[in-house]
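Trainee: I would like to learn how to read a structure feature by feature. Where do we begin?

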Amino acid sequence: MTDTSHARLLIIDFGSQVTQLIARRLREANVYCEIHPFNKVDAAFLEGFAPKAIILSGGPASVIDEGSPRPPEAVFTLGVPVLGICYGQQVMMQMLGGKVESGHGTAEFGRAFVTPKGTLPLLDGWFADDKEQVWMSHGDHVSEIAPGFEVYGTSPNAPFAITADTARNFFAVQFHPEVHHTPNGALLYENFIKLAGFTGDWTMGAYREEAIRKIREQVGDAKVICGLSGGVDSSVAAVLLHEAIGDQLTCVFVDNGLLRQNEAEDVVKMFRGEYHMPLIHADERELFLGELDGQSDPETKRKIIGKLFIDVFQKHAAEVGGAKFLAQGTLYPDVIESVSFSGGPSVTIKSHHNVGGLPEKMGLKLVEPLRELFKDEVRALGRELGLPASFIGRHPFPGPGLAIRCPGEITRPKLEILRKADAVYIDQIRKHGLYDDIWQAFVAILPVRTVGVMGDGRTYDFACALRAVTSVDGMTADYYPFTHEFLGETATRIINEVEGINRVTYDITSKPPGTIEWE
Ligand code: XMP
């Protein structure tokens, strides 16, 4: 389901680790773009997609190798601007009559400086200091540029760092403008889209209208079920769907007894009370906590929760009767087809099932209204839809909930203590204005009791650990550097306000080697 109402840019992916960042830079400039793997792009695809400009990404292959990836020739005869990056630059040169050679001391990895040679609209605003820092990552290099191209920038190891054929609007750079280490890289993309004639019409307001039209078109008058967790993605998906199809949508919210303080009440109050959505509030606390009773192994706990969730969701969804669609908050990074060069099928598709395999099991078709968006765009859409900032900016919360913040056996009293301590900790973080600087913060209750003294009496209560990390995507993380004053004040508040805890520690492990959650 490709969007045809916007001017669109096509990114042909040759497998670079940072291709998604190109899309980010373009979306930030309000340009609609899609990433497609090189082996799915042929002349017919190009005709259908009708791009207004094309970017050829970087990639790990060598253009010198036989059978290495190529875009279709039609890329260069469409009459649209083309920008080649790293491998994309080399493939461009090779196909247009230039020459690429490997190695021989000209490989470059990491920071480099490019100096200008002449002026080029692509480089407007560059070279204010006579040179620009760029990020290089290449083994091969272009040894002869293609006819029609001129050199506009050089680096010590890349005499053809920036080249262009201005008559055809073809541009080629040896470095990666999309990464952080090319500080003015975004400007280069902005110049490219400007010269390609994009007007920056990809706004959230426009997206909202279109998404609503597409949902109505796809769903017709059928009923739709949506699993609502209270997290950003499912909340935004639900509100958007509700705006599109009203009461044809029923949300199912499962309370598994492992939610944070007031979480179930808040979700129900907002979606039922403020949005007036048909909402099934499945109170399955007894079932989950009963099955988890006596279990202390992290993987067993996760498996029990995952399986029960599917059973319970299926049971409650069946109450809706006659539903034909299941809505999921799948995001763009989950659906981009990634290029793989080694073994097996040449293309691996990352598929994402928020409610693991349910559509197949229940014979439902999927509605995924966020599948073209990145996370920050989902947040922007949430704001556009009027969702409260407190929902949009929330820290991620894992599916297994408090179960994985309660190492060892889970008991109801321990969960109660954990909820209270967590609420005090988050309150502290908010009061100190730190919430938005932190990727995720929570308390874990430890499976150990320690001796303390309060007033004149001895205490023998649980110890807890505070966790707060900074991260970009949850894959790696660093602990948050709270001040000692903040930590001391928070420990005092937790011990004073939460019965059952008499010792507070701060977890200063990064990921790796730790993980963010404790289990
Ligand atoms: P870890 O603990 O693996 O967590 O460093 C990385 C991020 O993923 C979240 N997380 C989960 N989210 N289901 C989820 O939806 C899960 O089973 C799950 N396990 C961990 C975690 O909260 C962190 O943001």
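Mentor: Begin with contact, which means heavy atoms within 4.5 Å. Keep in mind that this is a predicted model.

Trainee: Which elements do the buried residues of α4 pack against?

Mentor: They pack against one helix, α1 (19-28), and against the strands β1 (8-13), β3 (53-56), β4 (82-85) and β11 (170-173).

Trainee: Which residues of helix α4 are buried?

Mentor: Buried means under 20% relative accessible area. In α4, residues 185-195, that set is G185, L188, Y189, N191, F192 and I193. Just after α4 comes G197, with a positive phi of about 90°.

Trainee: Now the chain as a whole. What domains does the assignment give?

Mentor: Domain 1 covers 8-195, domain 2 covers 204-392 and domain 3 covers 411-506. Eight residues from domain 2 and six residues from domain 3 make up the contact. The C-alpha centres of these two domains are 30 Å apart.

Trainee: On to the ligand. Which residues are around it?

Mentor: The shell holds R302, P398, G399, P400, W439, Q440, G474, K511, T515, I516 and E517. By class, four are nonpolar, four polar and three charged.

Trainee: What polar contacts does the ligand make with Q440, I516 and G399?

Mentor: A polar contact is a pair of N or O atoms within 3.5 Å. A side-chain N or O atom of Q440 is 2.8 Å from a ligand oxygen. For I516, a backbone N or O atom lies 2.7 Å from an oxygen of the ligand. A polar backbone atom of G399 is 3.2 Å from a ligand oxygen.

Trainee: How much of the ligand's accessible area does the protein cover?

Mentor: The ligand has 490 Å² on its own, and the protein covers 66% of that.

How values were computed: Residues are numbered from 1 along each chain as its sequence is written. This is a predicted model: local features need pLDDT of at least 70, side-chain atom pairs count only at pLDDT 80 or more; totals for chains, interfaces and linings use all residues. Side-chain values use heavy atoms; hydrogens and water are left out. A residue is near a molecule or strand if one of its heavy atoms lies within 4 Å of it. A polar contact is a pair of N or O atoms within 3.5 Å; within protein, one must be able to donate a hydrogen and the other to accept it, and residues adjacent in sequence count only if both atoms are side-chain atoms. Accessible areas come from the Shrake-Rupley method with a 1.4 Å probe; for residues, only the protein chains shown count as cover. Ala, Val, Leu, Ile, Met, Phe, Trp, Tyr, Cys and Pro count as nonpolar, Asp, Glu, Lys and Arg as charged, and the others, Gly among them, as polar. Buried means under 20% relative accessible area, exposed over 50%, partly exposed in between (1.4 Å probe, protein chains only). Helices (H or I, at least four residues) and strands (E, at least two) are DSSP runs, numbered from the N terminus. Domain bounds come from an automatic or database domain assignment.
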